[in-house]
Each structure stands twice: as C-alpha cells, then as structure tokens.
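User: Please take a close look at one part of this model, the buried interior, and go through it in order. I would like to know what it is built from and how its surroundings are arranged.

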Amino acid sequence: MFALTVNGTRQQVDVAPDTPLLWVLRDNLGITSVKYSCGIAECGMCTVLIDGTARRSCVVPIEEVDGSAITTIEGLPDDHPVKIAWIEKQVPQCGYCQPGIMLQTVDFLSRVPHPSETEINNAMDDVICRCGSHPRIRKAIRMAAKITASQGG
Ligand code: FES
Ligand code: FES
C-alpha cells in the first residue's frame, strides 16, 4: 500500500511497487489529464509536479514517490498565471500535450521567474507538441512571467 497526496487529497493505492505513477494516476485515481505517449521520458506529456518539481510520471515508480505531494493540472487554481496566460493566448490545439507542458512551465517559472528567450526555448526544447503550438507556448510563458512579476512574484 502506498500513500500520496494528490491535488491536496490524501490517497492510498494498493499496486505493485514498480507501477509507474502515470498509471496510478490514470487507472487507480481516474486522473486522465495525465497523458501517455512515449512511455520513455522523451515527450513530456505525462509530466506532473512531484513535491513541486516537474517529473515525467511514465518513468517514476510509485515506490519512489510514496508519501509525496502530486499536482496535476486540476490542482492548479483557475487564477494561476500559467492558466490565465494559456487561455489568453489560446495555446492548445488538440490539447493532448498541454497539461504536461503547463506543469513544466509552472516548475520552470518557479526556478527562472524572469526568463530570457533563450531560457524559454531551452526549457521547452524537450517537450513535444505534435500540433506545433510552440510559438503560442512561448508567448504564454512570457505573459505568465509578467503576471507573476506584477503580483510581486
Ligand atoms: S509519456 Fe512520459 S515522457 Fe512521454
Ligand atoms: S496541442 Fe495537440 S499535441 Fe500539443
């Protein structure tokens, strides 16, 4: 039995220790916003925050995160700068990749609150959007950084 706090709610799951967090979230807890694509930590679609750090849940065994706090896109408040910017800039196309990219952005801006263009490009270099939304992603990251700065962040 493993315990997690997911979006502020304590959860217990009875699964094999090597079960990837991705499948615990999707199959055991019904959080299907966490997407599966490559399964080998290459695309970023399964990204969640683990104790505030963006990680690729397809390669994180549940035993490694026992007792951790997990945040999925549902755990971000509606007035979070990243959500506001993503809506304002109309970033998603099909939407499949977006929860993971948004959570990677949350982690990125928490570490680099005033990013340069190069830093934004480098931070998003390893996430794949098959719809090609990267130009809008970059705009939204810039806007989220500005909102955060205006709030004193
Ligand atoms: S499904 Fe996890 S990184 Fe691609
Ligand atoms: S919006 Fe379709 S894969 Fe990114």
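Analyst:
**The buried interior and its surroundings**

Cys46 counts as buried, at 3% relative accessibility. This is a predicted model, and Cys46 is a convenient place to enter it. Another cysteine, Cys94, counts as exposed at 58% relative accessibility. With a cut-off of 2.5 Å between cysteine sulfur atoms, the count of disulfides is 0.

Now to the nonpolar packing. The largest nonpolar core has 27 residues, and those with the most contacts inside it are Trp86, Ile101 and Ile141. Two or more residues of this core come from each of helix H2 (81–88), helix H3 (98–111), helix H4 (117–123) and helix H5 (134–150). H3 gives the largest share, 6 residues. The core is also shared across the domain assignment: at least three of its residues come from domain 1 (2–75) and at least three from domain 2 (81–150). Set apart from this core is another one, of 19 residues, and Cys46 is among them, as are Leu22, Val24 and Ile62. As background, nonpolar side chains in soluble globular proteins tend to be buried together.

The contacts of Ile141 show what one of these central residues meets. Leaving out residues up to four places away in sequence, Ile141 touches Trp86, Thr105, Phe108, Leu109, Ile120 and Met124.

H3 is the helix to examine next. H3 has 14 residues and reaches 20 Å from its first C-alpha to its last, close to the 20 Å expected at 1.5 Å a residue. Of those 14 residues, 12 are buried, so H3 is mostly covered; a residue is called buried here when its relative accessible area is under 20%. The buried run in H3 consists of Gln98, Pro99, Gly100, Ile101, Met102, Leu103, Gln104, Thr105, Val106, Asp107, Phe108 and Leu109. Polar residues appear in that run too, including Gln98, Gln104, Thr105 and Asp107. Their packing partners are spread over strands and helices: the buried residues of H3 pack against strand E3 (47–50), strand E4 (53–56), strand E5 (69–71), H2, H4 and H5.

H5 is arranged in another way. H5 has 17 residues and spans 24 Å between its end C-alpha atoms, close to the 24 Å expected at 1.5 Å a residue. Its buried residues are His134, Ile137, Ala140, Ile141, Ala144, Ala145 and Ile147. Viewed down the axis of H5, these buried residues fall within an arc of 160 degrees, and so they line one face of the helix. The face turned away from this buried side carries the exposed residues Lys146 and Ser150. The buried residues of H5 pack against H2, H3 and H4. Just after H5, Gly152 takes a positive phi of about 85 degrees.

H2 brings Trp86 into the picture. The buried residues of H2 are Pro81, Val82, Lys83, Ala85 and Trp86, and they pack against H3 and H5. Lys83 is thus on the buried list of H2 despite its charged side chain type.

After H2 comes the loop to H3. Gln90 is located in this loop and has a positive phi of about 50 degrees although it is not a glycine. Most residues other than glycine have a negative phi. Gln90 is exposed, with a relative accessible area of 55%. Gly95 lies in the loop between H2 and H3 as well, and counts as partly exposed at 22% relative accessibility. Gly95 and Trp23 are 72 residues apart in sequence, and their C-alpha atoms are 20 Å apart in space.

Ala41 is another non-glycine residue with a positive phi, about 65 degrees. Ala41 sits in the loop between helix H1 (21–28) and E3. With a relative accessible area of 29%, Ala41 is partly exposed.

Last, the domains. The chain is assigned domain 1 (2–75) and domain 2 (81–150), and their C-alpha centres lie 21 Å apart. The contact between them takes 18 residues from domain 1 and 14 residues from domain 2.

How values were computed
Residues are numbered from 1 along each chain as its sequence is written. Chains are lettered from A and ligands numbered from 1 in the order in which they are written. This is a predicted model: local features need pLDDT of at least 70, side-chain atom pairs count only at pLDDT 80 or more; totals for chains, interfaces and linings use all residues. Side-chain values use heavy atoms; hydrogens and water are left out. A nonpolar core is a set of buried Ala, Val, Leu, Ile, Met, Phe, Trp, Tyr and Cys residues joined through side-chain atoms within 4.5 Å. Buried means under 20% relative accessible area, exposed over 50%, partly exposed in between (1.4 Å probe, protein chains only). Helices (H or I, at least four residues) and strands (E, at least two) are DSSP runs, numbered from the N terminus. Domain bounds come from an automatic or database domain assignment. Contact means heavy atoms within 4.5 Å. The expected span of a helix is 1.5 Å times one less than its number of residues. The arc is that of the directions from the helix axis to the C-beta atoms.
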